[in-house]
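Student: I am new to this structure and would like a close look at one part of it. Please take a single residue and its surroundings, and then the sheet that belongs to the same picture.

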Amino acid sequence: MESFWMRLGSAVTLIVMLTLATMVDPAEGALHKVGGRSGWIEHINYTEWSSRERFSVGDWLYFVFNKQMYDVLEVNETSYESCNGQGSISNVTRGGRDVFELKEAKTYYFIRSRGYCWGGMKVSVDVAVASPAPAASPSGAAPLSLVSSLPVIFLLIVTGLLSLEPPKCL
């Protein structure tokens with residue numbers, strides 16, 4: 001039964017990623033899968049990964065991990081350096097396929113608690129102010145920000161559904 005839910009989760013993730021790739025306006029924020037193909041797991045050099053990415057205000061981080069084993073905590077720089085999850089700013093963990101919006105230009109810090117941080121499960125993300133978007137045409141169309149937010153809303157709904165436990169068979 002577990003393998004069915006894992007396959008379903010992988011299939012839904014693929015569909016969501018393809019949908020986001022075709023629907024999200026790049027000027028409205030990009031989706032960055034933390035760790036690339038591997039996701040949020042051990043033995044990944046997240047410093048190297050984040051150095052290859054460009055993060056702007058309005059972008060989203062997409063953490064993919066086994067929620068039974070891992071978590072994601074937003075922390076301050078001191079806690080990041082000392083791998084201390086106590087007093088974290090926020091717990092990003094919801095269902096193992098979690099998104100986090102980069103709302104302001106600053107450095108964000110994320111760690112995995114319970115010792116995994118010391119093994120490298122931590123990432124810092126330097127966020128810059130996004131380039132101004134071209135002026136909107138006076139056509140009276142719906143605001144683009146609402147339209148481009150729909151895939152992220154869809155992703156949040158799917159994440160919530162995937163976090164549900166399968167029904168117990170009698």
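Tutor: A residue counts as buried when its relative accessible area is under 20%, and as exposed when that area is over 50%. The model shown here is a predicted one. Thr-93 has a relative accessible area of 18%, so under that cut-off Thr-93 is buried. Thr-93 sits in the loop that runs between β5 (90-91) and β6 (97-101). Apart from neighbours within four places in sequence, the residues in contact with Thr-93 are Phe-65, Tyr-70, Asp-71, Val-72 and Asp-98. With Val-72 there is also a polar pairing: a polar atom of the Thr-93 side chain lies 2.8 Å from the backbone nitrogen of Val-72.

Now the sheet. The strand before this loop, β5, belongs to an open sheet of five strands, ordered β2-β8-β7-β4-β5 and with mixed pairing. Both β2 (55-56) and β5 stand at the edges with a single partner strand each, so each has one side without a neighbour in the sheet. Strands of a sheet pair through backbone hydrogen bonds, in either a parallel or an antiparallel sense. Here β2 runs parallel to β8, and two bridges join them. Within β2, Phe-55 stands opposite Val-127 of β8. On the other pairing of β8, residues 122-128 of that strand meet residues 107-111 of β7 in the antiparallel sense, over five bridges. Phe-110 has Val-123 in β8 as its bridge partner.

Methods: Residues are numbered from 1 along each chain as its sequence is written. This is a predicted model: local features need pLDDT of at least 70, side-chain atom pairs count only at pLDDT 80 or more; totals for chains, interfaces and linings use all residues. Side-chain values use heavy atoms; hydrogens and water are left out. Helices (H or I, at least four residues) and strands (E, at least two) are DSSP runs, numbered from the N terminus. Buried means under 20% relative accessible area, exposed over 50%, partly exposed in between (1.4 Å probe, protein chains only). A polar contact is a pair of N or O atoms within 3.5 Å; within protein, one must be able to donate a hydrogen and the other to accept it, and residues adjacent in sequence count only if both atoms are side-chain atoms. Contact means heavy atoms within 4.5 Å. Two strands pair if DSSP finds at least two bridges between them.
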